[in-house]
Amino acid sequence: MIELRSVTKVFPGGARAVDNVSLQIHQGEFCVLLGPSGCGKTTTLKMINRLVPLTAGEIHVGDRDIRSLRVTDLRRRIGYAIQEVGLFPHMTVAQNIAIVPRLLGWPAARRRARAHDLLELLGLTPADDYLRRYPAELSGGQRQRVGVARALGADPAILLMDEPFGAIDPITRERLQDEFLRIQNEIRKTVVFVTHDIHEAIKLGDRVALMRDGRLVQHAPPAQLLSQPADDFVRGFVGTDRTLKSLRLTAVRDVMGASPARARIGDTLVAAREAMDKLGKTVLPVADDEDTFVGWISRTVATGSGLVGARVIPYLVLGSPGMPLNEALALMLESATGQLAIVDDERRLVGLVTFETLFERVRRPPEPPSASEVQP
Amino acid sequence: MISTTWRYLGENWAYVGQLVVEHLRIVFLANGLAVVLGLALGIFIAKRGREALAELVLYTAGILLTIPSLALYGILMAILDALGLVSIGLVPVVIALTLYGLLPILRNTTTALRSTDPATLEAGRGMGMSEAQLLWRVRVPLAVPAVMAGLRQAMVMNVGIAAIGAYIGAGGLGQLIFRGIANTRADLVLAGALCVSLLAVGLDLALGALERLATPRGIRKEARR
Amino acid sequence: MRRNLILVVLLLGLASVTAWVTHIGRVGFFMMAPPEKLLAALREHVEIVLVAEAIAIAVGIPLGLLLSRRSFSRGAPILSAITSVGQTVPTLALVGVFSIMLGLGLRSAIVALAVYTVLPIVRNTYAGLTSVDARVREAARGMGMSPAQTLWRVEFPLAVPLIMAGIRTSTVLNVGSAAVAGMIGAGGLGEIIMTGVSLRLVEMILQGAAPTAALAILLDRLLETIGTRATPRGLRLALRRELAER
């Protein structure tokens, strides 16, 4: 969909901002350009819509060389989102979103309907209320949503985003990222996204292109970037906690070990003790007759005689199969037993995550990213 | 025309010099008064609880500034005449220029006094300074650059306006221009204009330098930023 | 509310002073200007100001626009030098020079005023257009606006407040300059003031001065209102928000 062939940018004055970068971005792929400031990522992005002219090399969008198109036509086909300040303060939300449709000559009614739909897609509802407002009447997070809606205005196949969530507080940023992922799942645009934030890159990108001093250092899926950094620079950039970061990329269901051993509330304590001995465990999850998870039984409380049901340690937290491992880890630290029971929607016990499971996971480099989706 | 202007200035430097002195006297007198009045009034209206008054005073000063000089001279002459005072020459011109100079100084003083960093004030209070001490030792020194900037603006503006004062007998460089117009002598008009412009530019530069000097050393760097 | 009160009292005061001195009719030997002559002078005065202003706008805005384009950016420092020095030249001198070059009368006055007014309008247009946030401009280009579309749909609307401020200040200054032009036979209220000064007749000075002052104040308020109205609503909200956040 987008192909950069040996792209080089030398600014007047001789600064080599981008140096011989080749990159292929597939249709529907979310590509993150990542790197420290001054690494050339923004310049690379701006060369795609010709805000910055190429010095050497070629860029193809679809199957056309970008230089074969009229520059305004090229840009009208490509959505462009920057930080919220890029909104036009003198135009309403509706007018801002309808800029490219208007440039393309859409009739007014169609423009209005499109703006309305986009606001709903981005969760700015009631949309009619927002259409009439001016950017000054919105919060930072709302303005940023409008910025994304504007980039989607004429339904372009490609979206270029230059640190679009950069100027927003961390909590709102996290929420916008989640929402954008949800929207991207729906609309499947080809996205090129610039950021200097490694967390954002790992969270959003299908593949991450890490740049340094104008060169492409590594272009790989996030998991591979974390587990097999190409060199010391990448290792340093992804950080010493890269194992922790990689947890985010795996879902609980991939490691949880199905149908774990359990005690029943009707079992005798004697039987429970025997089971623990046999399994070499000090703690077992407890389920009732419908297999609903009710709590824990441990060696320290399972003394004397009687039934398990009378000694159950109530649970504090629960996990779900779709949860990423980093969240599971956080919950485990709050759990009374240091383990996390994984339950389905009917709260039936379906799995168990222990520290051993996690150790095993982070020591073994993950092969190609897990097939199952990580749901937030 | 340019060469005759130079020749005129060369031949009549003593006379022109005297006009420059007259001109400066008017401007300095008026702006001196404007600084004193502006500071006093500014400190008065910048007190907390007087926001409404401050707004009114500044608004009125703003209106005064829009009144054309010739009209203001005329109105002041009529008022002075009605009071039985000298209604021609230096007096109405100096009063008019004082009024014009008031707004920039007043506005800058008020804004600067109001915008002292609350943390700075709290620190002063915490060290046991009284409100009066806080005003004179902290807020006023910190406001000096703004007041100077207002004065500079007022001065430059008044140098030009003072030229018209010659018409009602206040003297100064305006005389040169009026004589030039009356006798269709472009060289006189240009000589007058040149001197007025040079005076304005010179005062602007000099006051700019003074402004930097008057800025307390500690906040100089910050101000430059 | 109290602001409007001040304004109304002031304007009413000036108007009644004017009416009163006109009503006197004569002081000693001297006839005051009769009402119809006063009104004619007022009309002339407004005409001088408006015509000069219109010429200055017609020349100044395109010039400022041109200078703000990147290919002319080398002209910018020259412009700022010319305007800052130009502002120090008294209008009186400009009126004088043009009266000598083009002869006494209305035409010289208008030319002098227009020349003087062009400077602030060029400067404000230039400042307004170049102060548009670079990121906003880039967003416009990045979405596929042509340079002309960027100028008319984005940059120009955002420059309106500064351009209008330039027009307002220069118009008010021109009311004064037009009064000075009375001395080169351009007519207007200045002539009445000048006659009064040469006759040492305070009443007649007032007859010209009071309506001149009222005209300046009125135009200032009027143009402020127009300036606010002409500013796009969203921009007004943004400016207000910026002010509140400071």
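**Exercise 1. Work out how far apart in sequence the contacts of chain A reach, and put that beside its overall make-up.**

Start with the contacts of chain A between residues at least 6 apart in sequence: 63% of them join residues at least 24 apart. Keep in mind as you go that this is a predicted model. Next, count the elements: chain A has 15 helices and 16 strands. Then turn to burial, where 42% of the 376 residues of chain A count as buried. Finally, the box filled by the C-alpha atoms of chain A, taken along the principal axes, is roughly 85 × 50 × 30 Å.

**Exercise 2. Find which strands pair with β13(A), and explain why β13(A) is largely enclosed.**

Take β12(A) (residues 283-287) to begin with: it pairs with β13(A) in the antiparallel sense over five bridges. Within this pair, A:Trp296 of β13(A) has A:Pro285 opposite. Now follow the chain between the two strands: they form a hairpin with five residues between them, and A:Asp291 in the turn has a positive phi of about 70 degrees.

Move on to β14(A) (residues 313-314), which pairs with β13(A) in the antiparallel sense over two bridges. Here A:Gly295 has A:Pro314 as its bridge partner.

Last step, burial: β13(A) spans residues 293-298, and five of its six residues are buried, so the strand is largely enclosed by the rest of the structure.

**Exercise 3. Describe the contact between chains B and C, then the side that chain B brings to it.**

First, the tally: chain B gives 37 residues and chain C gives 35 residues. On the side of chain B, the elements that give two or more residues are α3, α4, α7, α8 and α9 of chain B. By class, that side has 25 nonpolar, 11 polar and one charged residues.

Key:
Residues are numbered from 1 along each chain as its sequence is written. Chains are lettered from A and ligands numbered from 1 in the order in which they are written. This is a predicted model: local features need pLDDT of at least 70, side-chain atom pairs count only at pLDDT 80 or more; totals for chains, interfaces and linings use all residues. A residue is buried if 20 or more other C-beta atoms lie within 10 Å of its own, exposed if 12 or fewer, and partly exposed in between; C-beta atoms are placed from the backbone. Helices (H or I, at least four residues) and strands (E, at least two) are DSSP runs, numbered from the N terminus. Two strands pair if DSSP finds at least two bridges between them. Two residues are in contact if their C-beta atoms, placed from the backbone, lie within 7 Å. Ala, Val, Leu, Ile, Met, Phe, Trp, Tyr, Cys and Pro count as nonpolar, Asp, Glu, Lys and Arg as charged, and the others, Gly among them, as polar.
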